[in-house]
Amino acid sequence: MRFLDDADSVRGYEVLLNKDGTFQCFRWNDSFGSFTEISPVGNAQVGSVANGAVYEVKIVGDIITVSFNAVEECTYDISSISGTKYTTGNPAIAFFCRPSGDGSNPLHFGFSDITVTRL
C-alpha cells in the first residue's frame with residue numbers, strides 16, 4: 001500500500017500472507033533491500049490458507065487492517081516505527097514463494113479473483 005517505485009528505489013507498506021497462514025508487515029524504506037518490520041496488534045496467524053480463502057488488507061490513516069475470510073485478524077500502526085511515514089502512493093499486490101524443502105511450488109499459488117482500490 002502507498003507504493004512508489006522506480007529503477008532505483010521502492011517505498012511503501014507490504015503485508016505478507018504466508019502459506020502457513022501467518023501475516024507480516026513491512027515498510028520499504030526507499031531503497032531496495034531496506035525495510036522495517038512493523039509489529040502486529042491482534043492475531044497474526046490464521047492457520048493454513050486454502051483454495052477460496054479471502055484475504056483483505058486496507059490502510060486508513062496510520063492503521064493497516066488485515067482481514068481473513070471476513071474476520072478482522074490484526075492491525076499494524078505505521079506510527080509505531082521511527083522514520084518516514086508515507087501518506088501517498090498506489091495500491092499494489094504481488095505474490096511469491098520462498099524456496100523451501102516442503103515441496104512448495106510457485107505454480108500452485110495465485111489469485112482467482114482480485115480487487116484493488118484506492119480509498
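Tutor: Before we begin, a residue is called buried when its relative accessible area is under 20%, exposed when that area is over 50%, and partly exposed in between. Please keep in mind that the model is a predicted one.

Student: Which residues touch the most other members of the largest nonpolar core?

Tutor: In general, nonpolar side chains of soluble globular proteins tend to be buried together. Here the largest nonpolar core has 16 residues, and those that touch the most other members are Tyr13, Ile38, Ile64 and Tyr76.

Student: Which strand supplies the largest share of this core?

Tutor: At least two residues of the core come from each of the strands S2 (10-17), S3 (23-29), S7 (63-68) and S8 (71-77). The largest share is 3 residues, and the strand that supplies it is S7.

Student: Which residues is Ile38 in contact with, leaving aside its neighbours within four places in sequence?

Tutor: Ile38 is one of the core residues that touch the most other members. Once the neighbours within four places in sequence are set aside, the residues in contact with Ile38 are Tyr13, Cys25, Phe26, Arg27, Tyr76, Asp77, Ile78, Ser80 and Ile81.

Student: How many residues apart in sequence are the parts that the pair of Phe23 and Tyr55 ties together?

Tutor: The structure has 4 aromatic pairs. In one of them, Phe23 and Tyr55 are stacked, with 6.0 Å from centre to centre and 10° between the planes. Because Phe23 lies in strand S3 and Tyr55 in strand S6 (residues 55-60), the pair ties together parts whose separation in sequence is 32 residues.

Student: Is Phe23 buried or exposed?

Tutor: The relative accessibility of Phe23 is 5%, and the cut-off for a buried residue is under 20%. Its partner Tyr55, with a relative accessible area of 30%, is partly exposed, whereas Phe23 counts as buried.

Student: What angle lies between the planes of Phe26 and Phe35?

Tutor: These two residues form an aromatic pair with 5.3 Å from centre to centre. Phe26 is buried at 9% relative accessibility, while Phe35 is partly exposed at 45%. The pair is edge-to-face, and the angle between its planes is 85°.

Student: Which residues form one aromatic cluster?

Tutor: Phe26 and Phe35, already paired edge-to-face, both belong to the cluster. Trp28 belongs to it as well, and the full cluster is therefore Phe26, Trp28 and Phe35.

Student: What is the phi of Asp30, and where is Asp30 found?

Tutor: Most residues other than glycine have a negative phi. Asp30 is not a glycine, yet its phi is positive, at a value near 85°. Asp30 is partly exposed at 42% relative accessibility, and the place where it is found is the loop between S3 and strand S4 (35-38).

Student: Which residue that is not a glycine has a positive phi of about 55°?

Tutor: The place of this residue is in the segment before strand S1 (4-5). At 14% relative accessibility, it counts as buried. The residue with this phi of about 55° is Arg2.

Student: How far from the sulfur of Cys25 is the nearest cysteine sulfur?

Tutor: A search of the whole structure finds 0 disulfides; the cut-off for one is a pair of cysteine sulfur atoms within 2.5 Å. Cys25 is in no disulfide, and the nearest cysteine sulfur belongs to Cys74. Both residues are buried, Cys25 with a relative accessible area of 0% and Cys74 with 2%. The distance from the sulfur of Cys25 to that of Cys74 is 8.4 Å.

Terms used: Residues numbered from 1 in each chain as written. Predicted model: local features only at pLDDT ≥ 70, side-chain atom pairs only at ≥ 80, totals over all residues. Heavy atoms only, no water. Core = buried A, V, L, I, M, F, W, Y, C linked by side-chain atoms within 4.5 Å. Buried < 20%, exposed > 50% of the residue type's maximum accessible area, 1.4 Å probe, protein only. Helix = DSSP H or I, 4+ residues; strand = E, 2+ residues; numbered from the N terminus. Contact = heavy atoms within 4.5 Å. Phe/Tyr/Trp six-rings, centres within 6.5 Å; stacked < 30°, edge-to-face > 60°.
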